Amino acid sequence: MAKPPEPDHFPESRLESDAGATFVLESKGSGWMFYFVIFIQTAINTGVGIGAILLAGECLKIMYESLSPHGSLKLYDFIAMVTVVMIVLSQLPSFHSLRHINFASLLLSLGYSFLVVGACIHAGLSKNAPSRDYSLESSSSSRVFSAFTSISIIAAIFGNGILPEIQATLAPPATGKMVKGLLMCYIVAFLTFYSVSVSGYWVFGNKSNSNILKSLMPDEGPSLAPIMVLGLAVLFVLLQLFAIGLVYSQVAYEIMEKQSADVNQGMFSKRNLIPRIILRSLYVVFCGFMAAMLPFFGDISGVVGAIGFIPLDFILPMLLYNMTHKPKRSSIIYWVNMLIIIVFTGVGIMGSFSSVRKLVLDANKFKLFSSDIVD
């Protein structure tokens, strides 16, 4: 990934389309478009931050329960522990501080996927293989809502790389960097997310948990794969979630500190250090509190995908292309862009409605600060 500039040098935001064109949104005088992008970025960053803390807390809970099956600690206790660690790590100054962590996250993701796919194959071929049910929901309306929720979740998965890549294009030359970075992100996402989801669905069917490790280590009965393999996978994903939380929170930090920092003073001056510690800590505490209060990982992924990633990935690039290059209204590219905007605006609206609907339905069945993550 390309090396972005320090936070003191963020005069503009650039978004590069799939065709390789670079779009520039000046932070001054950009009007509603600038605030629209900021809103989307904030929604995505916050959603990913909440999800990362939530899953990291669950990983700690899984490790704890394997060592102490009758322990008294709840999910929100582990979320609080993760939040404290994230507050400390959040003081890493900028993207420059995360370049090695980002590379380690890639290796951890590949290692986790390899271990989990192997564990799923082992579980599916063992004599204790669980019964599998691949049937869909009986209600046609429920199937439609679930389909749009799933589209939103897939958008969130494959949109994971776009915000760091947008940030990377701030360092010229931008052309070509984002395409290469996103191509690598999509290859890794396909190899990791799809390999785990397909193998998990093959073993557990529609009873598969959003965190496949929970299915491989059921509350009742023996583990369906070697404990050492599952323990290493839990450790890998836990460390990776810390890296994910750091990378995505950095974008939010840049937005906050653009307003609070004094660019004429050093990064570690008292004038900039104290506001940075307070703002970053409050942001992480907010994400941790929301993760503990509403442990709905699948639902949060759907909402973030519908509200954030679908507009950012499928609507905004086409809109900015038409606004920047102004193709003739009689041209094919203009109407192709308009068709994509219209179609995915509808998909985003339906995805938002179905995701929020599922979140409300799940919230009615579970208490706040539940000790179990809701799929």
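Me: Where do E65 and K61 sit, and how far apart are they in the chain?

Reply: You'll find both in helix α1 (residues 32–67), four residues apart, which is about one turn of the helix. Keep in mind that this is a predicted model.

Me: What makes E65 and K61 a salt bridge?

Reply: Their closest N and O atoms are 2.8 Å apart. The cut-off is a Lys or Arg side-chain nitrogen within 4 Å of an Asp or Glu carboxyl oxygen, so the pair qualifies. Side chains of opposite charge can pair when their charged atoms come close. By this rule the count comes to one salt bridge.

Me: Is K61 buried or exposed, and how do you know?

Reply: K61 has a relative accessible area of 5%. Buried means under 20%, so K61 is buried.

Me: And why is E65 called partly exposed?

Reply: E65 comes in at 27% relative accessibility. That value lies between the 20% limit for buried and the 50% limit for exposed, so E65 counts as partly exposed.

Me: On to the rings. How many aromatic pairs are there?

Reply: The count comes to seven aromatic pairs. One of them is Y134 with Y201, whose ring centres are 5.2 Å apart with the planes at 50 degrees.

Me: Why is the pair of Y134 and Y201 called tilted?

Reply: A pair of aromatic rings is described by the distance of the centres and the angle of the planes. Here the 5.2 Å is within the 6.5 Å limit, so Y134 and Y201 pair. Stacked needs under 30 degrees and edge-to-face over 60, so 50 degrees makes the pair tilted.

Me: What parts of the chain does the pair link?

Reply: Distant ones: Y134 is in the loop between α3 (99–125) and α4, while Y201 is in helix α6, 67 residues apart. Y134, at 39% relative accessibility, counts as partly exposed, and Y201 is partly exposed too, at 36%.

Me: What makes the pair of Y253 and Y283 edge-to-face?

Reply: Their planes are 80 degrees apart, and the centres are 5.8 Å from each other. Edge-to-face means over 60 degrees with centres within 6.5 Å, so the name fits. This pair also links distant parts of the chain, with Y253 in helix α8 (residues 227–260) and Y283 in helix α9 (residues 270–293), 30 residues apart.

Me: How do you know that Y253 is buried?

Reply: Y253 has 1% relative accessibility, and the limit is under 20%, so Y253 counts as buried. Y283 is buried as well, with a relative accessible area of 11%.

Me: What makes R132 count as sitting over the ring of W202?

Reply: The charged end of R132 is 4.7 Å from the ring centre of W202. The distance limit is 6 Å, so R132 meets that part of the rule.

Me: Which residues form the nonpolar patch on the surface?

Reply: The patch consists of I154, L183, I187, F190, L191, F193, Y194 and V198, with about 750 Å² of accessible area together. Helix α6 (residues 177–204) gives the most, with seven residues. I154 is found in helix α4 (residues 140–158).

Me: Why is I154 called partly exposed?

Reply: Its relative accessible area is 39%, between the 20% and 50% limits, so I154 is partly exposed. Patch residues need over 30%, so I154 clears that bar too.

Key
Residues are numbered from 1 along each chain as its sequence is written. This is a predicted model: local features need pLDDT of at least 70, side-chain atom pairs count only at pLDDT 80 or more; totals for chains, interfaces and linings use all residues. Side-chain values use heavy atoms; hydrogens and water are left out. Patches are made of residues with over 30% relative accessible area and no salt bridge: like charges are joined within 9 Å, nonpolar side chains (Val, Leu, Ile, Met, Phe, Trp, Tyr) within 5 Å. Accessible areas come from the Shrake-Rupley method with a 1.4 Å probe; for residues, only the protein chains shown count as cover. Helices (H or I, at least four residues) and strands (E, at least two) are DSSP runs, numbered from the N terminus. Buried means under 20% relative accessible area, exposed over 50%, partly exposed in between (1.4 Å probe, protein chains only). Rings of Phe, Tyr and Trp (its six-membered ring) pair if their centres lie within 6.5 Å; planes under 30 degrees apart count as stacked, over 60 as edge-to-face and the rest as tilted. A charge sits over a ring if NZ of Lys or CZ of Arg is within 6 Å of the ring centre and within 35 degrees of the ring normal.
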